[in-house]
Amino acid sequence: MVGASYPAGITFRPGLRGNRINLLRVQVQVAVSGKKEKFEVKNALTARKVQRVIDGYGVEFVEALRLGPGHYSYSAQVTRQAHSAAEFNAYRQAIGRLMPKLLDAEGRMLQPSGGATRSDMNTYGFTFEARTNAAAGQKVGEPTTFSWEIPSELKTIPLTVEFKDLSLPQ
């Protein structure tokens with residue numbers, strides 16, 4: 001990728017000669033989730049704006065709506081509160097990998113069917129859709145509970161990765 005710049009500050013320039021990299025050192029931050037806390041809201045179709053604080057972050061179930069027969073949407077958001085921007089960025093990435101669920105009265109999960117996330121320096125939010133036509137032919141009823149396992153303990157670990165004596169493609 002001649003002439004391209006990369007976030008790590010590595011730039012490749014036309015005419016750069018050489019066939020080896022003696023040392024490439026990259027420092028990254030890895031967020032490791034320890035304990036998780038379940039955030040549940042009963043009567044999801046009638047509940048609105050249920051709020052809690054988990055690990056110092058504001059967590060809010062916004063609403064669940066019936067869009068049509070067997071088709072629902074649900075929304076929630078997390079706010080930064082007193083955490084730093086770097087802490088919130090790591091937290092956003094961790095919670096973005098943990099899928100919230102709509103459950104029926106028997107605890108069966110509705111089938112996810114799409115959605116969207118939105119994020120800025122202070123808020124991470126989403127609206128997802130789900131349907132009662134679950135996989136494997138399992139009959140799922142109307143949603144009664146919103147359920148989301150959220151990290152209640154997140155540690156950021158600095159990690160240095162080094163590559164020595166790398167040959168470059170010719």
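A residue counts as buried when its relative accessible area is under 20%. By that cut-off, 29% of the 170 residues of the protein chain are buried in this predicted model. Here is a short tour, from the whole chain down to one serine.

**Overall fold**
- The protein chain holds one helix and 10 strands.
- Following the sequence, you will meet them in the pattern β-β-β-β-β-α-β-β-β-β-β.

**Contacts and surface**
- Among contacts in the protein chain with a separation of 6 or more, 64% join residues that sit 24 or more positions apart.
- The protein chain exposes about 10700 Å², and carbon and sulfur atoms supply 51% of that area.

**The three-stranded sheet**
- Three strands form an open sheet in the order 2-9-6, and their pairing is antiparallel.
- Strand 2 (36–42) and strand 6 (101–104) are at the edges with a single partner strand each, so each has one side without a neighbour in the sheet.
- From one strand to the next, the twist averages 30°.
- Four bridges link strand 6 to strand 9 (residues 143–151) in the antiparallel sense.
- If you would like a residue pair to look for, Leu102 stands opposite Phe146 in strand 9.

**A look at Ser73**
- You will find Ser73 in strand 5, which covers residues 71–79.
- Ser73 counts as buried because its relative accessibility is 9%, and the cut-off for buried is under 20%.
- Setting aside neighbours within four places in sequence, Ser73 is in contact with Glu63, Ala64, Leu65 and Leu67, and also with Thr127, Phe128 and Glu129.

Conventions: Residues are numbered from 1 along each chain as its sequence is written. This is a predicted model: local features need pLDDT of at least 70, side-chain atom pairs count only at pLDDT 80 or more; totals for chains, interfaces and linings use all residues. Side-chain values use heavy atoms; hydrogens and water are left out. Helices (H or I, at least four residues) and strands (E, at least two) are DSSP runs, numbered from the N terminus. Buried means under 20% relative accessible area, exposed over 50%, partly exposed in between (1.4 Å probe, protein chains only). Contact means heavy atoms within 4.5 Å. Accessible areas come from the Shrake-Rupley method with a 1.4 Å probe; for residues, only the protein chains shown count as cover. Two strands pair if DSSP finds at least two bridges between them. Axes are lines fitted to C-alpha atoms, for helices over the stretch in contact, and angles run from 0 to 180 degrees between N-to-C directions.
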